[in-house]
Amino acid sequence: MRFMTERIARDGRALDEQVLLVDSFLNHQIDMELMKQCGSAFAQHFKGKGITRVMTVESSGIAPAAMTALEMGLPLVVFKKKTSRITNGTVYQTVVQSFTKNVRYELTVAKRFLPEGEKILFIDDFLAMGEAAIGAGRIIREAGSEIAGIGIVIEKTFQPGRKRLEAEGYDVFSLARVQSMSADGIAFVEP
Ligand code: G4P
């Protein structure tokens, strides 16, 4: 989507060849008009897929996912990243490894917010290794539901996330696809 590549080209900054800084509009200060455009683009792309619920992971996925859920008139459920000690069988949990941040966390969601038979649109801010979406998919399957689509704000195509998600059969749609980053600038895969 041109609006997202233009914004990254204007305000994004390559920290190094792996990490793109977008804290002025996506994950620290958040441009809500831009998030609204993200919501419209995801809603438009996944229209007609029978989606019943939008899900994301805290925290930077929440803004684009919220605007998508609003646009589609659907509930939004947020996976937590904190371990729930007293679960009493009331939550689903799975361990996810973040390679970018070099941490492991437990993706957690209360069972009552993820009923059986749902068709989930999973939204996230970045696609790097695909670990968050793969972990979410494990939980969603365990709940007897399915991921019907994955919407990503910024995909880094030089990392294997898309390949891994497509190998699991997921339909992945990204608003911007970053091919490479260097001191010379940010290069995009054009649609
Ligand atoms: P993966 O799910 O695709 O495997 O991604 P990975 O674990 O490698 O990265 C997870 C975290 O790192 C996410 O944040 C994601 O937003 C962030 N991230 C990945 N690549 C970039 C990047 O190029 N730039 C920036 N700014 N962030 C990146 P998180 O741990 O979920 O934190 P939060 O900000 O959502 O709270």
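**View 1. Polar contacts of the ligand in the predicted model.** A polar atom in the side chain of Thr-100 lies 2.5 Å from an oxygen atom of the ligand. The structure shown is a predicted model. Two further contacts of the ligand involve the protein backbone. At Leu-20, a backbone N or O atom is 2.6 Å from a nitrogen atom of the ligand. At Ala-128, a polar backbone atom is 2.8 Å from an oxygen atom of the ligand. The ligand taken alone exposes 720 Å², and 89% of that is buried by the protein.

**View 2. The ligand in the largest pocket.** The ligand occupies the largest pocket, and 22 residues surround it. The closest of these residues are Leu-20, Ser-59, Lys-81, Thr-100 and Gly-130. By residue class, the shell around the ligand consists of eight nonpolar, eight polar and six charged residues.

**View 3. Strands and helix that contribute to the shell around the ligand.** At least two residues of the shell are supplied by each of strand 5 (91–98), strand 7 (119–127) and helix 4 (131–142). Strand 7 gives the largest share, three residues.

**View 4. The cis peptide bond before Ser-59.** The peptide bond from Glu-58 to Ser-59 is cis, and its omega is near 0°. Ser-59 belongs to the loop that runs between strand 3 (53–57) and helix 3 (62–72). Ser-59 is also one of the closest residues to the ligand, so this view can be read alongside View 2.

**View 5. Backbone of Asn-102.** Asn-102 is not a glycine, yet its phi is positive, at about 55°. Asn-102 is placed in the loop between strand 5 and strand 6 (103–110). Strand 5, on one side of this loop, is among the elements that each supply at least two residues to the shell around the ligand.

**View 6. A salt bridge within helix 1.** Side chains of opposite charge can pair when their charged atoms come close. Here the side chains of Arg-7 and Asp-11 form a salt bridge, with an N to O distance of 2.7 Å. Both residues, Arg-7 and Asp-11, are in helix 1 (residues 2–11). Arg-7 and Asp-11 are four residues apart, which is about one turn of the helix. Across the whole structure, a search finds nine salt bridges, and the pair of Arg-7 and Asp-11 is one such contact.

Note on methods. Residues are numbered from 1 along each chain as its sequence is written. This is a predicted model: local features need pLDDT of at least 70, side-chain atom pairs count only at pLDDT 80 or more; totals for chains, interfaces and linings use all residues. Side-chain values use heavy atoms; hydrogens and water are left out. A residue is near a molecule or strand if one of its heavy atoms lies within 4 Å of it. A polar contact is a pair of N or O atoms within 3.5 Å; within protein, one must be able to donate a hydrogen and the other to accept it, and residues adjacent in sequence count only if both atoms are side-chain atoms. Accessible areas come from the Shrake-Rupley method with a 1.4 Å probe; for residues, only the protein chains shown count as cover. On a 1 Å grid over the protein atoms alone, a cavity is a set of points where a 1.4 Å probe fits but cannot get out, and a pocket is an open set with protein on both sides within 12 Å along at least five of seven lines; lining residues have an atom within 4 Å of a point. A molecule sits in a cavity or pocket if more than half of its atoms lie within 2 Å of its grid points. Ala, Val, Leu, Ile, Met, Phe, Trp, Tyr, Cys and Pro count as nonpolar, Asp, Glu, Lys and Arg as charged, and the others, Gly among them, as polar. A salt bridge is a side-chain nitrogen of Lys or Arg within 4 Å of a carboxyl oxygen of Asp or Glu.
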